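Visitor: I am new to this structure and would like to learn how to read it. Could you walk me through it, one feature at a time?

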Amino acid sequence: MFLHFYHWNYGDGGNDLQMLSMFKHSYAPCTALKEAKYAANNQLGPYYEYSVARNMLEILARQK
């Protein structure tokens, strides 16, 4: 059911591979496992630069 909503997801590990591959708006930081970066449709900067949080804020700002 939730697949019908506009959905973003983020992941960096092996347990995230299926989720990342299911959605158009999937993100992995450049520090993620190679397989997670391949499964994601978008790659962000490293986690230690808060790239996931910055991306979330940018997306939310565009929604207003």
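Guide: Happily! Keep in mind that this is a predicted model. Let's start with a pair of strands: β1 and strand β2, residues 25–29, are joined in the parallel sense over three bridges.

Visitor: Which residue in β2 is the bridge partner of Asn9?

Guide: Look for Ser26, which is the partner of Asn9 in β2.

Visitor: What holds paired strands together in general?

Guide: Strands of a sheet pair through backbone hydrogen bonds, and the pairing can be parallel or antiparallel. Here, three strands make an open sheet with parallel pairing, in the order β1-β2-β3. Because β1 (8–10) and β3 (42–44) each have a single partner strand, they stand at the edges, and one side of each has no neighbour in the sheet. On average, neighbouring strands of this sheet are turned by 30 degrees against each other, ignoring direction.

Visitor: Which helix packs on the sheet, and which strands does that helix touch?

Guide: That is α3, residues 51–63, and this helix touches β1, β2 and β3. The direction of α3 makes about 170 degrees with that of β1.

Visitor: How do the elements follow one another along the chain?

Guide: Reading from the N terminus, you meet β-α-β-α-β-α. That gives three helices and three strands.

Visitor: How do I tell whether a residue such as Asn55 is buried or exposed?

Guide: Check its relative accessibility: under 20% means buried, and over 50% means exposed. Asn55, found in helix α3, has 10% relative accessibility, so this residue counts as buried. Beyond its neighbours within four places in sequence, Asn55 is in contact with Tyr10, Tyr27 and Leu44.

Visitor: And is Tyr48 buried or exposed?

Guide: Tyr48 lies in the loop between β3 and α3. Its relative accessibility is 52%, so Tyr48 counts as exposed. From Tyr48 to Thr31 the C-alpha distance is 9.0 Å, and the two are 17 residues apart in sequence.

Visitor: Which residues make up the largest nonpolar core?

Guide: There are six: Leu20, Ala28, Ala32, Ala36, Ala39 and Ala40. Try tracing the surroundings of Ala39. Leaving out neighbours within four places in sequence, Ala39 is in contact with Leu17, Leu20, Ser21 and Ser26.

Visitor: What about the chain as a whole?

Guide: Of its 64 residues, 33% are buried. The accessible surface comes to about 4800 Å², and carbon and sulfur atoms account for 58% of that area.

How values were computed. Residues are numbered from 1 along each chain as its sequence is written. This is a predicted model: local features need pLDDT of at least 70, side-chain atom pairs count only at pLDDT 80 or more; totals for chains, interfaces and linings use all residues. Side-chain values use heavy atoms; hydrogens and water are left out. Two strands pair if DSSP finds at least two bridges between them. Helices (H or I, at least four residues) and strands (E, at least two) are DSSP runs, numbered from the N terminus. Axes are lines fitted to C-alpha atoms, for helices over the stretch in contact, and angles run from 0 to 180 degrees between N-to-C directions. Contact means heavy atoms within 4.5 Å. A nonpolar core is a set of buried Ala, Val, Leu, Ile, Met, Phe, Trp, Tyr and Cys residues joined through side-chain atoms within 4.5 Å. Buried means under 20% relative accessible area, exposed over 50%, partly exposed in between (1.4 Å probe, protein chains only). Accessible areas come from the Shrake-Rupley method with a 1.4 Å probe; for residues, only the protein chains shown count as cover.
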